[in-house]
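Q: Could you pick one part of this model and take me through it closely? I'd like to hear how it is put together before you move on to the rest.

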Amino acid sequence: MLKARKLVVELGGNTILHNIDFKIHESELIGILGPSGSGKSTLLMALNGFRPAKEGSVIIDGKDLYEHFESFKSDIGFVPQDDIVPSALKVERVLQYAAELRLGDLPPETRSARVAGVIRLLGLSDRKDVRVSSLSGGQRKRVSVGVELLSRPRMLFADEPTSGLDPALERSLTEAFKRLTEDGNSVIVTTHIMSSLSLYDRLAVVVGGRLAYFGPPDEIKDYFKVSDFTDIYTRLDEMAPDKWHTRLQGSPQAQYLA
Ligand SMILES: Nc1ncnc2c1ncn2[C@@H]1O[C@H](COP(=O)(O)OP(=O)(O)O)[C@@H](O)[C@H]1O
Ligand SMILES: [Mg+2]
């Protein structure tokens, strides 16, 4: 459904992403992992077209995203890393306003049902009458995710949605993302947290702007020769990023790229 082809991103005169290739199918939950500063946010914004790559292309259903960005806009939801939602309002109100803005064509009952559904899905039921300004960072993040979910985008991109959550909430939000993919949607999230990884259909590991791994979670430990997911970061330090890129190209996992 989505193919990234030889993406190269340059920012401030530096090459931030080098030749990123992979493909994503419908109904997949994709995790983009990697250390801080490795290029996760940059990759996410190149994939969703909010900050196109300098070279290469993103092909969705055979069409070039960058050339047809306007026509894809309703298919794409994006929750940036530093999101802002109006803060004096209560959670349910914020979602209602967002629904009115984005789904003005739908009957009010349908909009209310969407809002209720999003609140349930994101585990915000006991927070719906709380002002957004009184929420924790993680709860606020869930409201931002909720705003994007109202329009049921085919592809949801979220930058570090689970950062700042305790392990149980991190798990439940990842499970909520997984449930979203069951209706044919794809969810692509960045994270530096090495837990709940088995819920993902594909993991992309970025290091120094290179793709070091792309494939299912049950092959990643063998690939990095680690017994614990958290040891992957240590392993990444043991070899230069471009060597990791070469290793991936020559590995059985290269089948997942093209
Ligand atoms: N606007 C920018 N101009 C120049 N360099 C940038 C810019 N944004 C990000 N970078 C650099 O690109 C690299 C990757 O950043 P980013 O994608 O935000 O990483 P991550 O999300 O993995 O923490 C970092 O080295 C960062 O300093
Ligand atoms: Mg980031």
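A: Let's start with a yardstick: for a helix, take the number of residues, subtract one and multiply by 1.5 Å, and you have its expected span. Keep in mind that this is a predicted model.

The part I'd pick is helix α4, residues 108-121. Put the yardstick to α4: with 14 residues, the expected value is 20 Å, and the distance from the first C-alpha to the last is 20 Å. Now look at which of its side chains point inward. Arg 111, Arg 114, Val 115, Val 118 and Ile 119 are the buried ones in α4. Those residues span an arc of only 135° around the axis, so they sit on the same side of α4. Notice that two arginines, Arg 111 and Arg 114, are in that buried set. Turn the helix over, and the face pointing away from the buried side shows you Glu 109, Thr 110 and Arg 120, which are exposed. Just past the end of the helix comes Gly 123, where phi is positive, near 65°.

So what does the buried side of α4 pack against? Its buried residues meet α3 and α5.

Take α3 next, which covers residues 91-102. Its 12 residues should span 16 Å at 1.5 Å a residue, and with 17 Å between its end C-alpha atoms the helix agrees with that. Its buried residues are Val 91, Glu 92, Val 94, Leu 95, Ala 98 and Ala 99. Looking down the axis of α3, you'd find these within an arc of 160°, so they line one face of the helix. A glutamate, Glu 92, is counted among them. And the packing goes both ways: the buried residues of α3 pack against α4, and also against α5, residues 137-149.

Right after that you can follow the chain to Leu 150, in the loop that runs between α5 and β7. Is this leucine buried or exposed? Leu 150 is buried, since 22 other C-beta atoms lie within 10 Å, and the bar for buried is 20 or more. Its contacts tie the two helices above together nicely. Once you set aside neighbours within four places in sequence, Leu 150 touches Leu 95, Ala 98, Ala 99, Arg 102, Leu 103, Arg 114 and Val 118. Of these, Leu 95, Ala 98 and Ala 99 are buried residues of α3, while Arg 114 and Val 118 are buried residues of α4. In that loop you'll also run into Arg 152. Arg 152 is not a glycine, yet its phi is positive, about 50°. It counts as partly exposed, because it has 17 C-beta neighbours inside 10 Å.

How does all this sit relative to the rest of the protein? Leu 150 and Gly 34 are 116 residues apart along the chain, and their C-alpha atoms are separated by 29 Å. Gly 34 is handy as a landmark because it belongs to the surroundings of ligand 1, along with others including Asn 14, Ser 38, Lys 40 and Thr 42. That shell divides into two nonpolar residues, nine polar and one charged. Both β2 and α1 give it at least two residues, and α1 contributes the most, with three.

Over on that side, Ile 32 is worth a stop; you'll find it in strand β3, residues 29-33. Ile 32 counts as buried because it has 27 C-beta neighbours inside 10 Å. Beyond residues up to four places away in sequence, Ile 32 touches a group that includes Lys 40, Leu 43, Ile 188, Val 189 and Val 206. Lys 40 turns up again here, having already appeared around ligand 1.

Strand β2 holds another backbone oddity, Asn 19, with a positive phi of about 45° although it is not a glycine. Asn 19 has 18 C-beta neighbours inside 10 Å, so it counts as partly exposed.

Zooming right out, the protein has nine helices and 10 strands. Of its 258 residues, 40% are buried. The radius of gyration is 18 Å, which agrees with the value near 18 Å for a compact globule of 258 residues. And if you take contacts between residues at least 6 apart in sequence, 69% join residues at least 24 apart.

Notes: Residues numbered from 1 in each chain as written. Chains lettered and ligands numbered in written order. Predicted model: local features only at pLDDT ≥ 70, side-chain atom pairs only at ≥ 80, totals over all residues. Near = placed C-beta within 6 Å. Helix = DSSP H or I, 4+ residues; strand = E, 2+ residues; numbered from the N terminus. Nonpolar A, V, L, I, M, F, W, Y, C, P; charged D, E, K, R; others polar. Rg over C-alpha atoms; globule rule 2.2 N^0.38 Å. Buried ≥ 20, exposed ≤ 12 C-beta atoms within 10 Å, placed from the backbone. Contact = placed C-beta atoms within 7 Å. Arc of directions from axis to C-beta.
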